[in-house]
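Hi,

Here is the structure I promised to pass on. Have a look at it first, and then read my notes underneath.

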Amino acid sequence: MSASPKTTALLPVAPSPARQPFEITQLGHTRIDDYHWMKDDNWQAVLRDPGLIRADIKAALTEENAYSAAMLEDTKALQDEIFAEMKGRIKEDDASVPSPDGDWEYYSRFETGAQHPIIARRPRTKEAFPAPIPSTEDTRAAEQILLNEDERAKGSDFYETSDAQHSPDHSLFAWGEDTQGSEYYTVYVKDLVTGEILPAPIESCDGGFTFSPDSQYIFWTWRDENSRPAKVYRRPARGGEDVLIYDEPDEGFFLHVGTLSSDAFISIGGGNHETNETWLIPAATPEAAPFCVQPREDGIQYDIDHWDDRFIIRTNADDAIDFKLMVSFAEKPARDTWTDLVPHRPGIYITGSGVYKHHMIRVERENANTRIVITRKADMTEHEISVAEEAYSLGAAGGYEYDTDILRYSYTSPTTPAQTFDYNMETREQVLRKVQVIPSGHNPKDYVARRLYATAPDGQQVPITALMKADTKLDGSAPLMLYAYGSYGMPMDPGFSIRSLSLVNRGWVYAIAHIRGGSEKGYGWFLDGRKYKKMNTFTDFIACAESLCDAGYGTRGHIVAYGGSAGGMLMGAVTNLRPDLWAGVIGAVPFVDVLNTMSDISLPLTPPEWPEWGNPLEDEEAYQYIASYSPYDNIAAKPYPPVLATGGLSDTRVTYWEPMKWIARLREKSTSDSPMLLKINMEAGHGGASGRFEFLKEIAFDYAFAIWAQEKKGERKA
């Protein structure tokens with residue numbers, strides 16, 4: 001492939017979208033957006049019904065999809081091969097470990113070939129550690145199927161459930177359904193005695209709901225026309241009038257509902273990325289008005305749980321950057337009743353906590369690894385669960401029951417498939433309940449996972465987790481994929497992946513850069529990569545790429561960079577900053593039109609995102625800083641590498657026009673012959689295709705692009 005796809009008749013002709021200059025004036029600055037027209041003015045309606053998309057936009061997206069398919073036509077067999085490999089690593093008739101609750105055990109399981117699970121229950125066994133799910137029909141006689149998602153999905157191009165819950169008295173089962181990918185859910189309630197689905201489901205739910213502990217009501221969160229969870233309603237569990245319980249006045253706050261661990265309170269939480277507030281309703285009086293625990297205060301975050309005679313509060317108050325645990329014995333636990341329980345320790349991030357009748361747990365992260373600490377209520381003594389491995393992930397799975405000594409947790413590492421344990425917090429007895437089965441075979445000894453550190457421009461040490469075959473030569477000859485996210489404090493925990501093995505088994509090194517903006521090294525690691533320090537996220541990623549090459553894990557110009565959503569913004573930024581480093585770039589649902597999006601208050605995530613990025617509508621510093629890195633706005637005449645951008649037409653988080661505009665401008669400005677590809681799923685939203693196998697086809701497409709880009713690297717001219 002020695003000539004440009006723009007000019008060679010033997011290759012598909014790249015689309016050339018129309019340029020329609022649109023002038024935007026903001027805080028005294030004027031910019032021209034030639035591709036503003038790609039945003040459908042009727043986008044809210046399109047989210048609910050993609051068939052309403054404007055004809056010219058649909059035609060442009062169809063042309064882009066056809067071009068991308070044609071450019072990668074020669075990889076179709078490779079895509080099928082990678083998909084088959086990944087599917088072969090999935091136990092098709094897999095099942096979760098049963099979670100006990102009263103007289104029942106609840107679980108999910110898959111039938112062979114099914115895209116979606118069955119949710120079911122069976123009578124509880126008497127053993128302390130019950131047996132796995134029966135695997136044959138004749139041993140499932142006691143099983144009661146609560147929801148067969150595959151059956152419900154028939155006739156829908158997209159199907160996804162949100163919360164699926166049984167009522168505390170075990171008489172009802174409720175679940176949220178989205179058949180569009182727009183994240184507007186319809187909540188259905190099923191009578192478990194009659195098996196009937198009750199009439200008048202809940203509409204326009206954001207997917208979040210909870211039964212009251214007395215099983216008489218459902219509290220649910222309403223999503224408004226701009227896709228914001230903005231109100232909480234209560235309705236009788238078996239149907240009836242919806243009563244407004246809480247209406248959030250701040251368009252930047254998103255709401256959620258739940259119950260505290262003791263089941264003594266129903267909780268309503270609201271917040272943005274740096275401030276939050278909680279309201280409680282005593283479970284004994286579910287029709288009562290909620291009371292506020294502690295009024296919101298800019299920059300202060302807290303979450304609260306109830307431990308019989310006390311409340312446990314996790315908070316960053318008092319400059320506890322990595323959070324601390326506090327306790328209150330007050331009936332209404334306002335801030336002035338909180339006292340320190342687990343003090344703040346810089347660099348040790350308390351990511352979460354939970355309580356049981358006789359024990360409390362907390363999960364801590366330090367240097368990109370996690371541990372679980374258990375406190376015994378009787379004497380407040382502590383012990384921990386940890387693993388002596390370079391890179392791994394521990395997670396507390398929780399459960400339905402409060403009065404239990406059994407903690408369920410999971411362990412995994414890049415080389416080790418997930419393991420599920422039941423752990424007796426009192427006796428410290430541990431039982432391995434499940435090991436992730438890899439039907440096609442997997443030997444951890446065939447692989448090596450390493451924890452490396454890159455030196456950022458300001459001297460910070462950035463962790464990297466690298467996975468490779470044990471016999472991979474570290475002489476720079478191995479192709480390298482570098483993945484990262486780096487926003488919202490979300491860590492990229494180093495766990496096992498059935499997907500990355502398809503690259504690693506082909507001789508690739510698969511690396512995760514634990515860059516600032518995530519929380520792998522604490523909450524301060526997040527704060528050091530957000531808002532006016534966002535550039536650290538990008539330079540950290542570049543430093544990781546350079547460091548890996550210096551250590552022989554790859555070669556400059558032969559790295560494929562991969563990131564999604566806010567990680568897609570990272571992809572756009574590093575493509576602009578260092579196009580020479582990459583053989584290819586994959587931006588999955590990429591947030592790349594940052595300046596325009598953060599200036600559009602009609603979009604779902606804009607007001608709550610201002611604490612993360614800044615408000616360019618009112619703040620000159622925010623405008624200037626976002627403008628300095630916004631991927632779409634910083635595309636220039638450079639020799640860009642091949643780029644693949646993916647998206648979903650029904651995506652409420654990163655709207656379809658962001659990757660569409662990004663690819664159009666890259667194609668217009670690039671001085672190289674590298675192809676710019678756009679692939680929009682016309683029946684999906686932010687999460688891509690629904691179904692455990694259909695989604696893998698999208699990953700296989702991405703990986704085939706990565707391999708193709710590496711192989712074609714030497715054939716393209718810059």
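The largest nonpolar core in this predicted model has 74 residues, and the ones with the most contacts inside it are L61, L482, F541 and W582. Helix α7, residues 535–550, supplies the largest share of this core, with 7 residues. Apart from that core lies another one, of 45 residues, and I82, M481, A583 and L677 are among them. As a bit of background, nonpolar side chains tend to be buried together in soluble globular proteins.

W582 is a good place to start clicking around. What is W582 in contact with, once its neighbours within four places in sequence are left aside? The list is F541, A545, G557, I559, A561, V574, T575, P641 and K713.

While you are at helix α7, look at D540, which is found in that helix. Is D540 buried or exposed? With 0% relative accessibility, D540 counts as buried, because the cut-off for that is under 20%. The side chain of D540 makes a polar contact with the side chain of R516, at 2.8 Å. If you skip the neighbours within four places in sequence, D540 is in contact with A456, V462, I515, R516 and W525.

Next, the parallel strands. Strand β36 covers residues 643–648, and 6 of its 6 residues are buried. In a regular strand the side chains alternate between the two faces of the sheet. Both faces of β36 are covered: V643, A645 and G647 are buried on one side, and L644, T646 and G648 are buried on the other.

Which strands does β36 run parallel to? One is β35 (residues 582–588), joined to β36 by 4 bridges; another is β37 (residues 676–681), joined to β36 by 6 bridges. L644 is a handy marker here, since you can find I586 opposite L644 on the β35 side, while L677 of β37 also stands opposite L644. To get from β36 to β37, the chain passes through helix α12 (residues 657–669), and this β-α-β crossover is right-handed.

Helix α10 is also worth a stop. It spans residues 606–613, and 8 of its 8 residues are buried. Those are T606, P607, P608, E609, W610, P611, E612 and W613. What covers the buried residues of α10? The cover includes β14 (254–259), α6 (523–527), α8 (566–577), α9 (594–597) and α11 (620–629). After α10 comes G614, whose phi is positive, near 105°.

Now for the antiparallel sheets. One is an open sheet of 7 strands in the order β7-β8-β9-β10-β11-β12-β13, with antiparallel pairing. β7 (160–166) and β13 (243–247) are at the edges, and each has a single partner strand, so one side of each is left without a neighbour in the sheet. From one strand to the next, the twist averages 30°.

Inside this sheet, 6 bridges join β8 to β9 (residues 185–191), and the two run antiparallel. A174 makes a useful landmark, as its place is in β8 (residues 172–178). A174 stands opposite V189 in β9. A174 is buried, with a relative accessible area of 0%. Not counting residues up to four places away in sequence, A174 touches D163, A164, Q165, V187, Y188, V189, F209 and F211. How far is A174 from A645? Their C-alpha atoms are separated by 36 Å, and the two residues are 471 residues apart along the chain.

There is also an open sheet of 4 strands, in the order β22-β23-β24-β25, again with antiparallel pairing. Its edge strands are β22 (349–355) and β25 (382–385), each of which pairs on one side only. The twist in this sheet averages 25° from one strand to the next. β24 (residues 369–376) is joined to β25 by 4 bridges, and the two run antiparallel. Along that pair, I374 stands opposite H383 in β25.

That's the tour.

Best wishes

Key
Residues numbered from 1 in each chain as written. Predicted model: local features only at pLDDT ≥ 70, side-chain atom pairs only at ≥ 80, totals over all residues. Heavy atoms only, no water. Buried < 20%, exposed > 50% of the residue type's maximum accessible area, 1.4 Å probe, protein only. Pairing = 2+ DSSP bridges. Right-handed = clockwise from strand over helix to strand, strands pointing away. Core = buried A, V, L, I, M, F, W, Y, C linked by side-chain atoms within 4.5 Å. Contact = heavy atoms within 4.5 Å. Axes fitted to C-alpha atoms, helices over the stretch in contact; angles between N-to-C directions. Polar contact = N/O pair within 3.5 Å; in protein donor to acceptor, adjacent residues only side chain to side chain.
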